[in-house]
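This briefing goes through one protein model by topic. Please keep the sequence and the 3D view open while reading.

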Amino acid sequence: METEATVSEFQQMLSARGVSRRSFMKLCGAVAVAAGLSELAAPRVAQALESSVIGAAKGKLYPVIWIEGASCTGCTESFAQVETPDAASIVLEMISLNYSETLSAAAGESMELAKDQTIKECAGNYILVYEGAVLEGWGGQALRVADKPGTDHLIDAAKDAAAVVALGSCAVNGGWMGAHPNQAGALGVQEYLKKQGINTPVVNVPGCPANPEWLVAVLADVVLLGLAPSELDLTSEGKPAGIFGQTVHDNCERRGHFENGEFVYEFGSKEEALGYCLYPLGCRGPQTKSNCGVVMWNNRRSWCVQAGAPCIGCCEANPNDPGHNWVEVNTPFYKRHRDLRIGDWMVQPGTIALGITGILAAALVVHGFGMKITGRMDGGADFEKVRSWDAKHPDKSIGKYDAADTANDKKEGR
């Protein structure tokens, strides 16, 4: 009876928001897929939502602190501007966003007080979402918030959190900020916390910006399903395996054209109109791990490749190597190869190949002129009609010669 009452109460909450039961189950399927589960897991997600949201309505909201590092707030915009009703709007019924520099109406001292209270009163029972790169430059002074270094804010909030979600490629390993010359000393959350001796689990969710459903999936796992960070299925780079376990190429709708050798070599061409593979135009799908082609964007309407743009590999971010950020690795985006860097000088491998070809061609021309000057091209220099070794070892001769040639070479002492 209690379960039936809970479901009935939950359905009333959905109806008040204009959400039918059928739509809600569809959304649960979306959360399940985003979390790397089958859509068959939708009932399990629905049950967790029903019980958790009812609990939330009675004052059990899960506290979340959202801190901006060196960011453009693109990940916040991505998550905040989803259409409603959808998976994110349902999940947000369960969390209390106690601190967010971008979304909160409050500002100044009251904001910082709310964050400090959450850290103190909810120690070990709140999630920290960190967006943007961590800046170590100038002793952390490269980014200052509320009259203290930005690094101090991360340390204070991370050390007592149940888990840290590094949201977006900048937070994973520096992203745009971490690209050469990286004068501000940008790096990812995981690496910085390790350097500070803070062992709070970090879940890395790359992307520029990160897909909102990916954050929904993490919240669904930790908040709805009650999984501890240690129970999450993460890759060796601390990324959710269900989301970042396969390459974009694995699930790309143009993969059949790749297998058939059908490619686009120029924008605006007939091949582009036919939807051929964009690999020659710099698509990084084969090397970038993400389920973009499955989850897609804008409530699963489309995604980069479907819209006609090559994948630029924005999810390629190794938290253990700041130099392996997606900007450094993948630019220029519409070239097949990345730039090679020699100090501050950058060059394409193709340019090097053309240069070497030019040098070889010039050497051959010089050699030709040399041959002409020495008369070797005019018959002025004698050539062996019979190789010296063959003449001395007729029984082991490799070449085939006329008797006249052999006799002539012997006469001339060759």
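The points below cover a sheet, the helices lying on it, and a set of annotated residues. The model is predicted. It contains an open sheet of 5 strands with parallel pairing, and UniProt lists a "binding site" in an unreviewed entry.

**Sheet**
- The strand order is β2-β1-β3-β7-β9.
- β2 (95–100) and β9 (202–205) are at the edges; each has a single partner strand, so one side of each is left without a neighbour in the sheet.
- On average, neighbouring strands of this sheet are turned by 20 degrees against each other, direction ignored.
- Strands β1 (residues 62–68) and β3 (residues 127–131) run parallel and are joined by 5 bridges.
- Glutamate 68 has glutamate 131 in β3 as its bridge partner.

**Helices on the sheet**
- Helix α6 (residues 109–121) lies across β1 and β2, at about 130 degrees to β2.
- Helix α7 (residues 150–158) lies across β1, β3 and β7 (163–167), at about 155 degrees to β3.

**Annotated residues**
- The "binding site" residues listed by UniProt are His249, Cys252, Cys277 and Cys283.
- They are spread over 35 residues of sequence but cluster in space, with a largest C-alpha distance of 11.2 Å.
- The lining of the largest cavity includes His249, Cys252, Cys277 and Cys283.

**Histidine 249**
- Histidine 249 lies in the loop between α12 (241–244) and α13 (255–259).
- Its relative accessible area is 14%, so histidine 249 is buried.
- Beyond four places in sequence, histidine 249 contacts Arg255, Phe258, Gly285 and Pro286.

**Cysteine 252**
- Cysteine 252 is in the loop between α12 and α13.
- Cysteine 252 counts as buried at 16% relative accessibility.
- Not counting residues up to four places away in sequence, cysteine 252 touches Trp303 and Val305.

How values were computed: Residues numbered from 1 in each chain as written. Predicted model: local features only at pLDDT ≥ 70, side-chain atom pairs only at ≥ 80, totals over all residues. Heavy atoms only, no water. Pairing = 2+ DSSP bridges. Helix = DSSP H or I, 4+ residues; strand = E, 2+ residues; numbered from the N terminus. Axes fitted to C-alpha atoms, helices over the stretch in contact; angles between N-to-C directions. Contact = heavy atoms within 4.5 Å. UniProt positions renumbered as here; feature names shortened; annotations may be inferred. 1 Å grid on protein atoms, 1.4 Å probe; cavity = no way out; pocket = protein on both sides within 12 Å on 5 of 7 lines; lining within 4 Å. Buried < 20%, exposed > 50% of the residue type's maximum accessible area, 1.4 Å probe, protein only.
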